[in-house]
Amino acid sequence: MDERELVTVFYQRAWNLWDDTVVDEILSPEFAFRGSLGDEVRGPDGWRAYRDGIRRAVPDFHNEIVDLVTSPGRAAARLRYTGHHRGVLLGRQGRGQPIEYAGAAFFTCSGGQLTTAWVLGDLDSLRRQVTG
Amino acid sequence: MQPAALVETWFEMCRTGDESRLGDLATADYVCHGPGGTASRDGFLGWLRWYPTVFADQRVEVHDVIVSDDRVVARYTVRSTYRGGFLELPAAGQPVRETGIIIFRLVDGRVAESWYEGNDLQIAQQLGAAVVPR
């Protein structure tokens with residue numbers, strides 16, 4: 001897979017479909033992930049733990065790739081996150097209310113796998129939605 | 001201007017607040033997008049006059065740049081000293097670590113549009129704001 005395919009599979013399958021079967025294929029064993037909520041984890045299993053936390057909080061969490069820019073070994077995406085807040089997020093219990101916030105991610109790739117992902121999200125907007 | 005030089009000059013403009021550089025860097029109809037919404041060129045100029053006075057003594061580190069077609073992406077860290085004026089948070093010379101990603105769309109070598117995401121909530125926490133727990 002090239003950079004564009006890797007990022008697309010990461011969001012459309014590993015995230016949006018909660019498809020665990022692609023995780024070990026697309027994430028390197030040393031994958032370093034900094035999520036939009038600020039957590040930093042390592043390896044496919046570290047990412048799975050982050051994913052599971054998000055899934056408990058927002059079971060229908062959806063990543064829309066708004067823009068995707070790639071070059072050899074690098075990729076960047078502009079994202080729109082949506083879902084319904086049903087678990088605990090930013091310390092608040094959800095009531096099923098819709099959430100939506102923007103983000104951006106920067107990836108490095110090597111050997112047909114994602115090696116790092118560094119993600120930023122508009123947490124102030126998210127905070128206002130979960131505490132409002 | 002080559003993309004790498006454009007990124008370097010862009011951050012230098014933001015660091016210094018030197019709005020005279022904007023004519024070379026951005027188109028006349030430049031539009032910027034960020035967590036606060038969308039702003040015109042005039043709106044960006046207002047931000048440019050505000051930013052380096054609030055976050056002073058900036059040290060910029062550009063970690064990565066991607067260039068592809070009409071897009072340039074920069075991932076960066078800016079370390080600075082807080083001088084007051086952000087979310088009405090009191091200033092005590094706090095050190096600030098800002099991280100961000102900016103995606104630029106270029107037309108004829110100048111920035112026509114940009115999208116920014118950063119760690120604004122964490123900056124507020126660095127400055128002592130009470131923010132909901134994780």
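**Figure 1. Two cavities in a predicted model.** By the rule used here, the count is two cavities of 30 Å³ or more. The model is predicted. The largest cavity has a volume of about 70 Å³. The second largest holds about 30 Å³ of space.

**Figure 2. The lining of the largest cavity.** Residues of chain A line this space, including A:Phe10, A:Tyr11 and A:Trp15. Look too for A:Tyr50 and A:Ile54, which are also among the lining residues. Others in the lining include A:Phe33, A:Gly35, A:Ser36, A:Phe61, A:Asn63, A:Tyr81 and A:Val119. Two helices, α1 (3-15) and α3 (43-57) of chain A, each supply at least two residues of this lining. The largest share comes from α1(A), with three residues. Sorted by class, the lining has nine nonpolar and three polar residues. It has no charged residues.

**Figure 3. The lining of the second largest cavity.** Chain A gives A:Arg78 and A:Ala104 to this lining. Chain B gives B:Ile101, B:Ile103, B:Trp115, B:Tyr116 and B:Glu117. Strands β5 (95-107) and β6 (110-118) of chain B each supply at least two of the lining residues. The most come from β6(B), which gives three. By class, five lining residues are nonpolar and two are charged. No polar residue takes part in this lining.

**Figure 4. The contact between chain A and chain B.** Chain A brings 29 residues to the contact, and chain B brings 24 residues. Together the two chains bury about 2,300 Å². Carbon and sulfur atoms account for 65% of that area. Three residues to find on chain A are A:Val69, A:Phe106 and A:Trp118. They supply 25% of the area that chain A buries against chain B, more than any other three residues.

**Figure 5. Salt bridges and polar contacts across the interface.** Two salt bridges are counted between chain A and chain B. In one of them, B:Asp64 pairs with A:Arg74. The closest N and O atoms of this pair are 2.7 Å apart. Four residue pairs are in polar contact across the interface, with both residues at pLDDT 80 or more.

**Figure 6. The side of chain A that touches chain B.** The elements giving two or more residues to this side are β3 (62-71), β4 (74-85), β7 (97-110), β8 (113-121) and α4 (123-131) of chain A. By class, 13 residues of this side are nonpolar, seven are polar and nine are charged.

Methods: Residues numbered from 1 in each chain as written. Chains lettered and ligands numbered in written order. Predicted model: local features only at pLDDT ≥ 70, side-chain atom pairs only at ≥ 80, totals over all residues. Heavy atoms only, no water. Contact = heavy atoms within 4.5 Å. Buried area = accessible area lost by both parts, 1.4 Å probe. Salt bridge = Lys/Arg side-chain N within 4 Å of Asp/Glu carboxyl O. Polar contact = N/O pair within 3.5 Å; in protein donor to acceptor, adjacent residues only side chain to side chain. Helix = DSSP H or I, 4+ residues; strand = E, 2+ residues; numbered from the N terminus. Nonpolar A, V, L, I, M, F, W, Y, C, P; charged D, E, K, R; others polar. 1 Å grid on protein atoms, 1.4 Å probe; cavity = no way out; pocket = protein on both sides within 12 Å on 5 of 7 lines; lining within 4 Å. Points joined across faces, edges and corners; volume = space filled by probe spheres on them.
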